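I set out these notebook entries while reading one structure from its overall fold to its ligand shell and a single loop residue.

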Amino acid sequence: MNIEEKIAELSQKAKEIRKLALRAICQANSGHPGGSLSVADILTVLYFDLLKHNPQNPNWEDRDRVVISKGHASPAVYASLALAGYFEPQDFVNNFRKINSAFQGHIDRLKVAGIEASTGSLGQGLSMANGMALGLRLNKSSQKVYAILSDGELQEGQCWEAIMAAGHYKLGNLTAIIDRNRIQLDGWTENTMALEPLDKKFEAFGWTVQSIDGHNLKEIRSAIELSWQRQSTDKPYVIIANTIKGKGVSFMEDQVRWHGTAPKAEELEKALAELA
Ligand SMILES: Cc1ncc(C[n+]2csc(CCOP(=O)(O)OP(=O)(O)O)c2C)c(N)n1
C-alpha cells in the first residue's frame with residue numbers, strides 16, 4: 001500500500017470513529033461530542049497506523065502506552081478501540097454511560113480493554129505518562145509512551161509540574177500530543193486563562209516542540225514518526241495539534257455549545273450524512 005492509499009484508508013477510519021462516537025452519545029443522550037470529534041484524527045493515526053498494540057492481547061508487555069488525559073473524549077476512544085477490535089462496536093453504543101456499564105463517560109482502565117489510565121479529572125494524565133516512561137526506561141524497554149492532552153486542561157497546575165518533570169528527566173520515550181482546539185467548557189481558552197505562547201512555554205521546560213494541523217493525517221503521521229528519532233535520554237517531544245472542536249460536522253464546528261451536548265435524533269442524522 002502506498003502512502004496515498006494509506007491516508008485514504010485512515011481518512012475512512014476517522015469518519016467511522018466520528019460516526020460511532022456520535023451514535024453512542026445520541027443513544028445515551030449524554031456525552032462530549034466536540035472534543036471527541038477534534039481528537040478523532042489523532043486517535044486514528046495512533047490506533048490504525050503507528051501504535052504497537054494487540055487488540056487480541058491488550059496487556060501484551062511490548063505494547064506502546066497511550067494515556068488519554070482528556071478522559072471525557074471517551075466516545076472517540078471507545079469507538080477507536082472497538083473498530084480496532086478490542087470489543088464489539090455495538091456493545092459500546094448500547095451501553096455507553098449506562099449505570100454499571102464498562103463504558104462510562106470517563107475512561108476506566110479496570111473496565112475497558114485497551115485503556116491504559118483512568119482519567120476524567122483533568123490535568124492528571126501527563127503525570128501518569130511520565131511514570132510509565134520512567135518505568136519503561138528503567139526496564140531498558142524500547143516501547144513508547146503517548147499522552148494526549150486537551151488544551152483547557154493545561155490550565156491545571158499539575159500539568160506544569162509534569163511538563164517540568166518530563167523535561168528534567170529527559171523523557172525521550174515520551175510524546176505528548178495537545179488537542180489544541182482552542183475551546184474549553186465555557187468558551188475560548190485565551191479568554192478563560194490564556195495559554196499562549198504554548199510552544200515557547202514547552203521549550204522553556206526542556207521539550208522539543210512541533211506544531212501541526214491536527215486534522216491532516218499525513219502531518220500527524222510524520223510528526224509522530226519524527227518524535228521517534230530520539231534516544232530515551234533525550235528531550236520529551238510535544239506535538240501541538242491545531243484542531244477544530246466539533247470537526248467534521250458543520251453545525252458543531254467551533255461551537256462551545258457542542259462541548260457537552262448530545263445531538264437529538266434528527267441532528268444525528270444530519271451529522272451522519274455529512275460524515276458519509
Ligand atoms: C479537574 C476537572 N475540572 C473540571 C472538569 C469538568 N470538565 C470536563 S471537560 C472540561 C473542559 C474541556 O475543555 P478542554 O480541556 O479544552 O477539552 P476539549 O476541548 O478537548 O474537550 C471541564 C472543565 C473535569 N473533568 N476535571
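I counted 10 helices and seven strands in the protein; helices (H or I, at least four residues) and strands (E, at least two) are DSSP runs, numbered from the N terminus. I noted that this is a predicted model, in which local features need pLDDT of at least 70 and side-chain atom pairs count only at pLDDT 80 or more, while totals for chains, interfaces and linings use all residues. Residues are numbered from 1 along each chain as its sequence is written.

Overall dimensions. I compared the radius of gyration of the protein, 17 Å, with the value near 19 Å for a compact globule of 276 residues, and the two agree. The radius is taken over C-alpha atoms, and the globule rule is 2.2 Å times the number of residues to the power 0.38.

Ligand shell. I found 21 residues around the ligand, the closest being G35, L122, S150, G152 and Q184; a residue is near if its C-beta atom, placed from the backbone, lies within 6 Å. Helix 2 contributes the most, three residues. Helix 2 (33-50) and strand 4 (183-184) each supply at least two.

Residue A113. I located A113 in the loop between helix 4 (89-95) and helix 5 (125-138). A113 is partly exposed because 15 other C-beta atoms lie within 10 Å; 20 or more would make a residue buried, and 12 or fewer exposed, with C-beta atoms placed from the backbone. Leaving out residues up to four places away in sequence, I recorded that A113 touches P58, Y86 and F87, contact being C-beta atoms, placed from the backbone, within 7 Å.

How values were computed
Two residues are in contact if their C-beta atoms, placed from the backbone, lie within 7 Å.
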